Amino acid sequence: MHNYLDFEKPISDLEGKILELKKLASEDESVNTSDEIARLEGRVRDAMVEIYSKLSPWQKTQVARHPSRPHFLDYASRLFTEFTPLAGDRNFANDDAIQAGLARFHGTPVAVIGQEKGNDTKSRIKHNFGSPRPEGYRKATRIMGMADRFGLPLITLVDTAGAYPGVNAEERGQAEAIARSTEMCLNVKVPIVTVVIGEGGSGGAIAIATGNRVYMLEHAIYSVISPEGAASILWRDSTRAKEAASNMKITAEDLKSLGVIDGIIPEPVGGAHRDPDAVISRTETVIGDALKELSARNGDELRADRRQKYLNIGRNL
């Protein structure tokens with residue numbers, strides 16, 4: 001059984017009936033339910049197409065946060081070979097919310113950085129629900145510097161609600177660590193390709209997302225603050241998150257039209273969690289094409305291209 005979102009109730013009801021029919025057929029071989037199951041499966045497909053063709057920004061936010069959605073480690077295991085995670089910021093500690101290291105992509109050595117949310121209670125606690133502390137961003141900065149030193153293309157996968165907002169993180173220089181990481185993204189002379197695979201929240205995302213090419217999955221979101229946070233600030237009422245999401249321009253379509261991102265990676269009908277292999281394969285193709293395009297440029301051109309890309313955002317609004 002899937003974890004159904006509230007707007008997926010028609011799909012939930014139909015798939016529940018299918019399971020009941022399959023159970024009935026398994027208990028009594030004289031009962032033939034194949035025709036009815038086929039009919040209901042057709043209705044499920046139609047319902048998913050209809051529902052997912054007109055998702056609201058808030059519904060896309062729910063899909064981006066779906067607990068079964070593939071996370072960084074799911075992508076890393078399929079996209080890269082010889083992935084070797086590196087730990088620690090050489091200053092205070094290791095942060096498991098940010099995973100970073102060296103790997104091969106299609107046989108080419110690359111550096112990889114991403115946020116991992118975890119997929120069960122134990123792993124979510126270990127990875128702090130994908131919200132990095134300062135040492136996570138300092139680790140990311142260290143890996144970027146290493147990539148720059150050895151001429152390794154950098155691939156970043158973004159999936160965070162935002163940097164950890166705790167007092168201890170602020171005491172250890174959260175804002176400074178995010179700023180240093182963003183600065184390093186702008187200064188390195190290697191290609192940076194970024195994909196927002198789930199949530200791209202605030203400075204916690206941009207710290208590793210200031211790339212030459214930035215892509216989003218179809219139902220991912222990317223915003224300066226969460227809808228709940230925006231509603232709390234604007235109206236002092238977090239329950240108005242749905243309204244905030246509709247006004248914040250956080251969807252891939254909105255951000256593509258504003259020039260914030262360079263492309264949208266289609267998801268399977270029903271979201272990435274319905275067919276992780278398909279969406280990871282599409283992501284692989286997009287990353288490969290981007291790296292091939294950027295490989296023709298030298299370091300100074302890559303850095304200049306990246307800086308100009310961000311200076312141009314919003315100029316034509």
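# Exercises on a Predicted Model

Strand β4 (residues 154-160) is mostly covered, since seven of its seven residues are buried. The structure examined in these exercises is a predicted model.

## Exercise 1. The faces of strand β4

Task: Determine which residues of β4 lie on each side, and whether they are buried or exposed.

Solution.
1. In a regular strand, side chains alternate between the two faces of the sheet.
2. In β4, Leu 154, Thr 156, Val 158 and Thr 160 belong to one side.
3. The other side carries Ile 155, Leu 157 and Asp 159.
4. All of these residues are buried, and both faces of β4 are therefore covered.

## Exercise 2. The partners of the strands

Task: Establish how many bridges join β3 to β4, β4 to β5, and β5 to β6.

Solution.
1. Strand β3 (residues 108-115) runs parallel to β4, and four bridges join them. Within this pairing, Val 112 has Ile 155 of β4 as its bridge partner.
2. Between β4 and strand β5 (residues 192-201) there are six bridges, and these strands also run parallel. Here Thr 160 stands opposite Gly 200 in β5.
3. Four bridges pair β5 with β6 in the parallel sense. Thr 194 has Val 214 of β6 as its bridge partner.

## Exercise 3. The enclosure of strand β6

Task: Explain why strand β6 (residues 213-217) is described as largely enclosed by the rest of the structure.

Solution.
1. A residue counts as buried when its relative accessible area is under 20%.
2. Five of the five residues of β6 are buried, so the strand is largely enclosed.
3. Arg 213, Tyr 215 and Leu 217 point one way, Val 214 and Met 216 point the other way, and all are buried.

## Exercise 4. The nonpolar cores

Task: Identify which residues touch the most other members of the largest nonpolar core, and which helix gives the most to this core.

Solution.
1. In soluble globular proteins, nonpolar side chains tend to be buried together.
2. The largest nonpolar core has 56 residues, of which Phe 80, Ile 113 and Tyr 222 touch the most other members.
3. Helix α13 (residues 276-294) gives the most to this core, with six residues.
4. Another core, of 15 residues, lies apart from the largest one; among its members are Ile 11, Ile 37, Leu 40 and Val 63.
5. Beyond its neighbours within four places in sequence, Ile 113 is in contact with residues including Phe 72, Ile 98, Leu 154, Ile 155 and Ile 208.

## Exercise 5. The largest pocket

Task: State how the residues lining the largest pocket divide into nonpolar, polar and charged.

Solution.
1. The space in the largest pocket is about 250 Å³.
2. Among the lining residues are Val 214, Tyr 222, Ser 223, Lys 249 and Tyr 310.
3. The lining divides into 10 nonpolar residues, one polar and one charged.

## Exercise 6. Two helical residues

Task: Decide whether Gln 174 and Arg 124 are buried or partly exposed.

Solution.
1. Gln 174 is found in helix α8 (residues 174-187), while Arg 124 has its place in helix α5 (residues 121-126).
2. The relative accessible area of Gln 174 is 3%, so this residue is buried.
3. For Arg 124 the relative accessible area is 23%, so Arg 124 is partly exposed.
4. Not counting residues up to four places away in sequence, Gln 174 touches Pro 132, Arg 133, Pro 134, Tyr 137, Ala 163, Tyr 164 and Ala 169.
5. Leaving aside neighbours within four places in sequence, Arg 124 is in contact with Pro 67, Lys 117, Gly 118, Asn 119 and Phe 129.

Terms used:
Residues numbered from 1 in each chain as written. Predicted model: local features only at pLDDT ≥ 70, side-chain atom pairs only at ≥ 80, totals over all residues. Heavy atoms only, no water. 1 Å grid on protein atoms, 1.4 Å probe; cavity = no way out; pocket = protein on both sides within 12 Å on 5 of 7 lines; lining within 4 Å. Points joined across faces, edges and corners; volume = space filled by probe spheres on them. Nonpolar A, V, L, I, M, F, W, Y, C, P; charged D, E, K, R; others polar. Core = buried A, V, L, I, M, F, W, Y, C linked by side-chain atoms within 4.5 Å. Buried < 20%, exposed > 50% of the residue type's maximum accessible area, 1.4 Å probe, protein only. Helix = DSSP H or I, 4+ residues; strand = E, 2+ residues; numbered from the N terminus. Contact = heavy atoms within 4.5 Å. Pairing = 2+ DSSP bridges.
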